[in-house]
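Colleague: I've not looked at this one before. Could you walk me through it once it's on screen?

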Amino acid sequence: MSFKKGDVLAELDTTDIQLRVESTRLRYEQAVNQKKQAERDFKIESALNAKQVSSQVQFDNSKTAFENAELAEKMARVDLKLGEKSLADSQLRAPFDCTVVQQFKSLGQSSLDGATYEIYETASIEIRFQATESLLDRVKVGDALEIEFPAIHLTAPAKVTRYVAVVSDQTRNFLIVTTLDKPDPKVVPGYFAEGIFK
């Protein structure tokens with residue numbers, strides 16, 4: 001099954017999370033209201049203090065109450081953001097255009113331990129080759145080649161995206177990594193391929 005980047009692949013049961021987010025949102029609204037009230041009280045006390053009508057203790061108390069209300073509002077805002085993030089994190093989204101190769105989890109299983117899906121990127125499939133050591137000094141990033149996929153009778157142009165300039169002691173080969181110039185939905189992981197340099 002194929003998905004576009006951002007599509008939801010899986011979703012946790014969010015009933016508890018949604019209730020916690022709603023509770024946090026209400027606490028935040030309460031904190032906002034308390035801050036507004038404390039701010040009004042502090043402004044009144046400030047005006048009275050300037051006219052020397054109220055005591056310094058009343059002024060100091062109203063100032064402290066306002067500062068505490070500001071802190072309470074900030075903490076409630078942070079809690080709300082954390083709750084909203086938990087809600088967003090309850091969805092597993094496709095990190096790129098992809099196809100699901102294998103599903104490792106079923107309904108009701110925890111997704112916290114191990115992978116949930118095996119996916120591959122459809123927009124840019126890497127094709128890896130083992131090339132003979134005699135090509136090592138002639139291969140460059142960007143070199144063009146033709147890739148043949150015998151199983152599906154397809155030939156497609158590709159470019160070298162990188163190579164590992166280390167020759168294996170056992171095989172006397174080195175690794176070349178290529179990508180197709182234009183992705184083809186028929187090309188899936190596991191196919192045998194041959195690369196022919198132009």
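Modeller: Sure, let's start with one residue: Thr178 has its place in strand E9. A strand here is a DSSP run of E with at least two residues, a helice is a run of H or I with at least four, and both are numbered from the N terminus. This is a predicted model, where local features need pLDDT of at least 70, side-chain atom pairs count only at pLDDT 80 or more, and totals for chains, interfaces and linings use all residues. Residues are numbered from 1 along each chain as its sequence is written, and side-chain values use heavy atoms, with hydrogens and water left out.

Colleague: Is Thr178 buried or exposed?

Modeller: Buried means under 20% relative accessible area, exposed means over 50%, and partly exposed is in between, using a 1.4 Å probe and protein chains only. Thr178 has 0% relative accessibility, so this residue counts as buried.

Colleague: Which residue of E8 should I look for as its bridge partner?

Modeller: Strands E8 (residues 154-164) and E9 (residues 173-180) run antiparallel and are joined by six bridges. Two strands pair if DSSP finds at least two bridges between them. Contact means heavy atoms within 4.5 Å, and beyond its neighbours within four places in sequence Thr178 has contacts including Ile125, Phe129, Leu145 and Ala158. The bridge partner of Thr178 is Val160.

Colleague: What about Val164, is that one buried or partly exposed?

Modeller: Val164 lies in strand E8. Not counting residues up to four places away in sequence, Val164 touches Phe174 and Leu175. Its relative accessibility is 40%, so Val164 counts as partly exposed.

Colleague: How far apart in space are Val164 and Ile176?

Modeller: In sequence, Val164 and Ile176 are twelve residues apart. In space, going C-alpha to C-alpha, the gap between Val164 and Ile176 is 6.6 Å.

Colleague: Which strands stand at the edges of the sheet?

Modeller: Five strands make an open sheet with antiparallel pairing, in the order E6-E9-E8-E7-E10. Each edge strand has a single partner strand, so one side of it is left without a neighbour in the sheet. The edges are strand E6 (126-132) and strand E10 (194-197).

Colleague: Now the helices. What span should H2 have, going by its residues?

Modeller: Helix H2 (residues 56-88) has 33 residues, and the expected span is 1.5 Å times one less than the number of residues. The end C-alpha atoms of H2 are 48 Å apart, which agrees with the expected 48 Å.

Colleague: Which helix do the buried residues of H2 pack against?

Modeller: The buried residues of H2 include Phe59, Phe66, Ala69 and Leu80. Among the buried residues of H1 are Ile17, Val21, Val32 and Phe42, and what covers the buried residues of H1 includes H2. Going the other way, the buried residues of H2 pack against helix H1 (15-50).

Colleague: Why is the protein called more spread out than a compact globule, and what is its radius of gyration?

Modeller: The protein has two helices and ten strands. The radius of gyration is taken over C-alpha atoms, and the globule rule is 2.2 Å times the number of residues to the power 0.38. For 198 residues that rule gives 16 Å, and the protein is well over it, so it is more spread out than a compact globule: its radius of gyration is 31 Å.

Colleague: And what does the C-alpha trace span along its principal axes?

Modeller: Of the 198 residues, 27% count as buried. Along its principal axes, the C-alpha trace of the protein spans about 95 × 40 × 30 Å.
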